[in-house]
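Here are a few exercises to work through with the structure open beside you. Try each task before reading its solution.

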Amino acid sequence: MEVFRRAILQPGPPEAFALQTVQQVIKPQKQTKLAQDENQLLENILRSLLQELVASAVDSGQPIMLYGHSNDVGGSTQGHIPRLLDIVLYLCEKEHIEGGMIFQLLEDLTEMSTMRNCKDIFGYIESKQDVLGKQELFARGKLVMLRTCNQLLRRLSKATDVVFCGRILTFLAHFFPLSERSGISIDFNFYKTFWSLQENFCNPASLTVAPTRWQKFASSLTVVLNTFEAQPLSDEEGNANNLEEEAANFSIKYLTSSKLMGLELKDPSFRRHILVQCLILFDYLKAPAKTEKDLPSESMKEEIKSYEEHVKKLLELTPPRGKDFLHKVEHILEREKNWVWWKRDGCPPFEKPVIEKKVVQDGTKKRRPRWRMGNRELSQLWKWADQNPNALTDPQRVRTPSIMEYWKPLAEDMDPIAGIEAEYHHKNHRVYCWKGLRFSARQDLDGFSRFTDHGIEGVVPLELLPPDVRSKYQTKSTDRSKRAKKEEAKAAAQQGEENQIATPASEIDEGIRTDLEAAATPMDTEASGAVATGNVSQGESPMPDEQQKQSSDTDAGQETGQSEPDAEVEAGIIDGEADQDVD
């Protein structure tokens, strides 16, 4: 027994040490398989060890399936009793020991445990049902398993432990066929659970009144759906029932004898009737209710959704042509749902009023609406606020930046320490440079003048540039100021010479001006006579267009008359200068 205690605490899978542990305890005649008396001895040892582990778990106050369980930093360890059951199950599966030994241990464990611990034990059985259900293993222990389940059902309360009872019945229905003689009592329990659903199908409103009724219905429905899923129908069984001929002789009266339960479950039409009833019930519960009390709760809605998906899956798997049948049922239920909503809205008419088209008379054009701001969108935008004109003139709306603020990004790019790549340099942004030149032309003429010699980088204020970059632009600007001073001095000297020449030229200008006035007098007289003659000959005042033309001709003549004396004056000045040069 101590060897098995150490084996329970040993880490790793059972196949690594299970057989060596048995050989160490029993020392069998054969190396891989025990004889009958050896199996009996091993069974007694294991049953005694199991009893001691249960007693220790009860004394510690822990659930028996969690006794010895720990969550260490290195990883969680399994409880002592589940670990022992795993070792025995491996030995039975590999036929090293008698196959029914695992079932005997499970029966002893349920008899020694309370109903709260039995739920954990049955959860372990459900997790290992794939291994326990193997034909070569289950054939040796099915009667023990059946006896264990029946004892649990007798101990359970059918009023408070409905869910646990449904789990047990589903487990037995999965392993025992309906034709099994030992399963007659199980069929009767399932029979009562199955036909209890009809009470809720007849009165679906009662499910929302009391939560306990819904819980009872949900547990019974779970048992029925799991049984349908555990015993699927083959295509041959579906084709054996001619549904078309059955529809011609259809009767809504069910045969409710318990002896016919097995045959009815093999009938695809019988299953479809029950599953379609479930869908109709779910649609009724989801439909809009008259009061809030009749509405299902949020948790109930989630359960209805999960049950509905399960029912549709079973309808799809039920032969023949399960997918087509499900599609037709969904279409009918959708029409029914629309009808319920139509009744709820007061039965509005389906026909829509005919839209009369306005006939436009020939020759008439439809006048377009005129909008104040040019189109509908701008006019609506203008009417949104009463202060729109003031908003356009708000100084905070558009603010012109200062020169120092605007050229700061370009000055930072010109700093060699920044290491800005040429692709991202501000001097390559045309819009930025164009705006900056406009700002400099208004606010900084000195910087704007440097654009000719240095380009866009010369426009940047010198205060923003680093010292080494600033010196380059300062040197060139100093040379340019010196050159500007030389040009101003030269212009001043030329102005002094022109003032000296202007004195004799003024005397010549007076003589020429006298001759021009004498020549201009007859020209003006002749022009005015011609105008007067034209007016008298016509006998009417001239038209505005003619007056404008005449005035333009007169102005042209005056300009011509003025230009000729000016030319002569300029010629006289030049000649005077030439004479002075000769003198």
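Helices here are DSSP runs of H or I with at least four residues, numbered from the N terminus. By that numbering, Pro-320 sits in the loop between helix H18 (298-317) and H19. Please keep in mind that this is a predicted model.

**Exercise 1. Backbone geometry in two loops**

Task: Find which residue Pro-320 is joined to by a cis peptide bond, and find the loop in which Glu-95 lies.

Solution. Begin with the general expectation: most peptide bonds are trans, and most residues other than glycine have a negative phi. Next, go to the loop between H18 and H19, where Pro-320 is placed. The bond joining Pro-319 and Pro-320 is cis, with omega about -5 degrees. Then move to the loop between H4 and H5, which holds Glu-95. Glu-95 is not a glycine, yet its phi is positive, at about 60 degrees.

**Exercise 2. The two helices beside that loop**

Task: Work out how H4 and H5 are oriented to each other, and describe the classes of residue in their contact.

Solution. Take the axes to start with: helix H4 (residues 80-93) and H5 come within 9 Å and cross at roughly 155 degrees. Angles over 145 degrees count as roughly antiparallel, so H4 and H5 are roughly antiparallel to each other. Now look at the side facing H5: H4 brings Ile-81, Leu-85, Val-88, Leu-89 and Cys-92 to meet Met-101, Ile-102, Leu-105, Leu-106 and Leu-109 in H5. Sorting these by class gives 10 nonpolar residues, with no polar and no charged ones.

**Exercise 3. Another partner for H5**

Task: What are the orientation and the handedness of the packing of H5 and H9?

Solution. Helix H5 (residues 101-111) and helix H9 (residues 142-155) pack at about 15 degrees, with axes 9 Å apart. An angle under 35 degrees counts as roughly parallel, and therefore H5 and H9 are roughly parallel to each other. Their crossing is left-handed. From H5, the contact includes Phe-103, Leu-106 and Glu-107, and from H9 it includes Val-144, Arg-147 and Leu-152. By class, this contact of H5 with H9 has five nonpolar, four polar and four charged residues.

**Exercise 4. Another partner for H4**

Task: Decide how H1 and H4 are oriented to each other, and list the residues that meet.

Solution. The axes of helix H1 (residues 2-9) and H4 come within 9 Å, crossing at roughly 105 degrees. The range from 65 to 115 degrees counts as roughly perpendicular, so H1 and H4 are roughly perpendicular to each other. In H1, Ala-7, Ile-8 and Leu-9 make the contact, meeting His-80, Arg-83, Leu-84 and Ile-87 in H4. That contact divides into five nonpolar, one polar and one charged residues.

**Exercise 5. Two pockets**

Task: Describe the volume and lining of the largest pocket, then find which helix gives the most to the lining of the second largest pocket.

Solution. The largest pocket has a volume of about 730 Å³. Among its 25 lining residues, Asp-283, Tyr-284, Leu-285, Ala-287 and Pro-288 lie nearest its centre. Helix H17 (268-286) and helix H19 (322-344) each supply at least two residues of this lining. By class, the lining has 16 nonpolar, two polar and seven charged residues.

The second largest pocket holds about 490 Å³ of space. Of its 19 lining residues, Lys-158, Val-162, Cys-165, Thr-193 and Ser-220 are the closest to its centre. Helices H10 (162-175), H11 (184-195) and H13 (211-230) each supply at least two lining residues. H13 gives the most, with six. This lining divides into seven nonpolar, nine polar and three charged residues.

Technical notes. Residues numbered from 1 in each chain as written. Predicted model: local features only at pLDDT ≥ 70, side-chain atom pairs only at ≥ 80, totals over all residues. Heavy atoms only, no water. Axes fitted to C-alpha atoms, helices over the stretch in contact; angles between N-to-C directions. Left-handed = near helix turned anticlockwise from the far one by under 90°. Contact = heavy atoms within 4.5 Å. Nonpolar A, V, L, I, M, F, W, Y, C, P; charged D, E, K, R; others polar. 1 Å grid on protein atoms, 1.4 Å probe; cavity = no way out; pocket = protein on both sides within 12 Å on 5 of 7 lines; lining within 4 Å. Points joined across faces, edges and corners; volume = space filled by probe spheres on them.
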